[in-house]
Amino acid sequence: MLRIALALSLVWGVPFDSCGSSPPDDRDIDRSDEPTCVFDEDCRVDMCADFRCLAGLCAEISPFIDRDGDGEPPLGCGLDCDDTDPSVNPSAFERCDGIDQDCDTRIDEGAPPRSFDATAPGVTDTRAIVTRAGEHILLVDGSDSALFARELDRSGVPDIPFELMRLARGGAFLKFAASAREDTTLVVAQTDIGALRYVVLGSSLETLEGPTEFDAGGQVLDLALVPHGAGWAMAADVMTGPGLPERIVWTDLEAEPIVLDVLPIDAEHPGLDIASTGSDLAVVIRDGIRFVGRATTLAAPGPMGVEGLGRGALASDTDQVVVAYDDGIGMTLQRFDADGATSEPEPGPAALVQDVRIDREGPNIAILDDPGARGWVLDNTLRAYVRSTIALGGGDGSVSIVARPSFTVLYGARSSGGRYRMFVDCE
């Protein structure tokens, strides 16, 4: 072979290097047509300049990286704290959504309040409600045999649901209610045979108690909850035997039941509602409002009298309760304690008293109209509207509201999917 190689070198004049010599110097060979990259990451010559791999060659697109096109380079090269979102950069204005838009490490400072409508995908339970657990806002809904909760944040997007309770031996949930204290939340569900089950959640959404069965002594037809003392009080309409249903109250979930009223079958029952003064409980009965601790019953002033308060709705207040009742002309709002009225009557919104519920949400009073899928929020004077005629476009389910210091949700349950109005107030 060596002889053949030498002969060829003599014929073509090609210099011969022995098999063991170094390779020839190829610096003079033109390799400009060969690819220098495959991915953009192969072109990281300058960490801040934007190089891309185009047709196998590194090309500078921009003197700085800007992946979201907002004109600001990311941290390390500039001040854009989120280079995937064009609405976040040092020149942006703060929006009230829990995000630092202007990248100054402060959240929502100087942002104006905002409101918007949102929907809960996949939630078609007309019994669904919103409540709170600590600093969290929860949307509680169910299937026939299970109850779920999902967290709502300030963006209005529900989180993945987690299970609260399930009926293991068949059956279905007919109704559920929730009541929140500062750090704990009680959720009670009524089954299709009139039984009750409850669960207590902590401020981190952990289960503190339950699911546990509650013995109401009979078939539960309706229920209402309120924070009271160190726990919760509950009122319920219960069929305890072959006779007439009774309106019963428990001052605590461990307390003995107190029968307040017997409800005739052939007459319209008063709406079930309960409120706390802090030291006493008020419950709507046929004759008006019964204060449980004092065993006194109040009738409404004006021409409606007993009938007016018997169709009333209650909200808790310090040492008294706020009552919505029919004074013969329309809805009236007034405060009462066990001795009578403690404030002047104030005209309420244009809605039928028998269709509304009222709840205290922080310093304000919320009035909810289920058939009209509407709501109103009044300040503590009962005169000024904080939110006026919040309409959810009609519905075939319940309406509920929950508020945090800067975050309010009005929810209207619908068979075509839950719809809610979000109000976000920034400090």
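Trainee: How do strands β1 and β2 pair, and over how many bridges?

Mentor: Keep in mind that this is a predicted model. For a strand pair, look at the sense and the bridges. Here β1 (residues 50–54) and β2 (residues 57–62) run antiparallel, with five bridges between them. One bridge to look up is that of L54, whose partner in β2 is L57.

Trainee: And what lies between β1 and β2 in the hairpin?

Mentor: For a hairpin, check the turn and its backbone angles. This one has two residues between the strands, and A55 in the turn shows a positive phi of about 55 degrees.

Trainee: Okay, on to sheets. In what order do the strands of the open sheet come?

Mentor: Walk across the sheet strand by strand. The order is β25-β26-β27-β28, four strands with antiparallel pairing. At the edges sit β25 (356–361) and β28 (385–391), each of them pairing on one side only. Ignoring direction, neighbouring strands here are turned by 15 degrees against each other on average.

Trainee: What joins β26 to β27?

Mentor: Five bridges do: β26 covers residues 364–369, β27 covers residues 374–378, and the two run antiparallel. If you want a spot to zoom in on, I367 stands opposite W376 in β27.

Trainee: Last one: which residues form the nonpolar patch on the surface?

Mentor: For a patch, ask who belongs to it and how much area is accessible. L244, V259 and V262 make up this one, together offering about 220 Å² of accessible area.

Trainee: Why can V262 count as a patch member?

Mentor: V262 belongs to strand β15 (residues 258–262). Its relative accessible area is 34%, so V262 is partly exposed and passes the patch cut-off of over 30%.

Note on methods: Residues numbered from 1 in each chain as written. Predicted model: local features only at pLDDT ≥ 70, side-chain atom pairs only at ≥ 80, totals over all residues. Heavy atoms only, no water. Pairing = 2+ DSSP bridges. Axes fitted to C-alpha atoms, helices over the stretch in contact; angles between N-to-C directions. Patch = residues over 30% accessible without salt bridge, like charges linked within 9 Å, V, L, I, M, F, W, Y side chains within 5 Å. Areas by Shrake-Rupley, 256 points an atom, 1.4 Å probe, with all protein chains shown as cover. Salt bridge = Lys/Arg side-chain N within 4 Å of Asp/Glu carboxyl O. Buried < 20%, exposed > 50% of the residue type's maximum accessible area, 1.4 Å probe, protein only.
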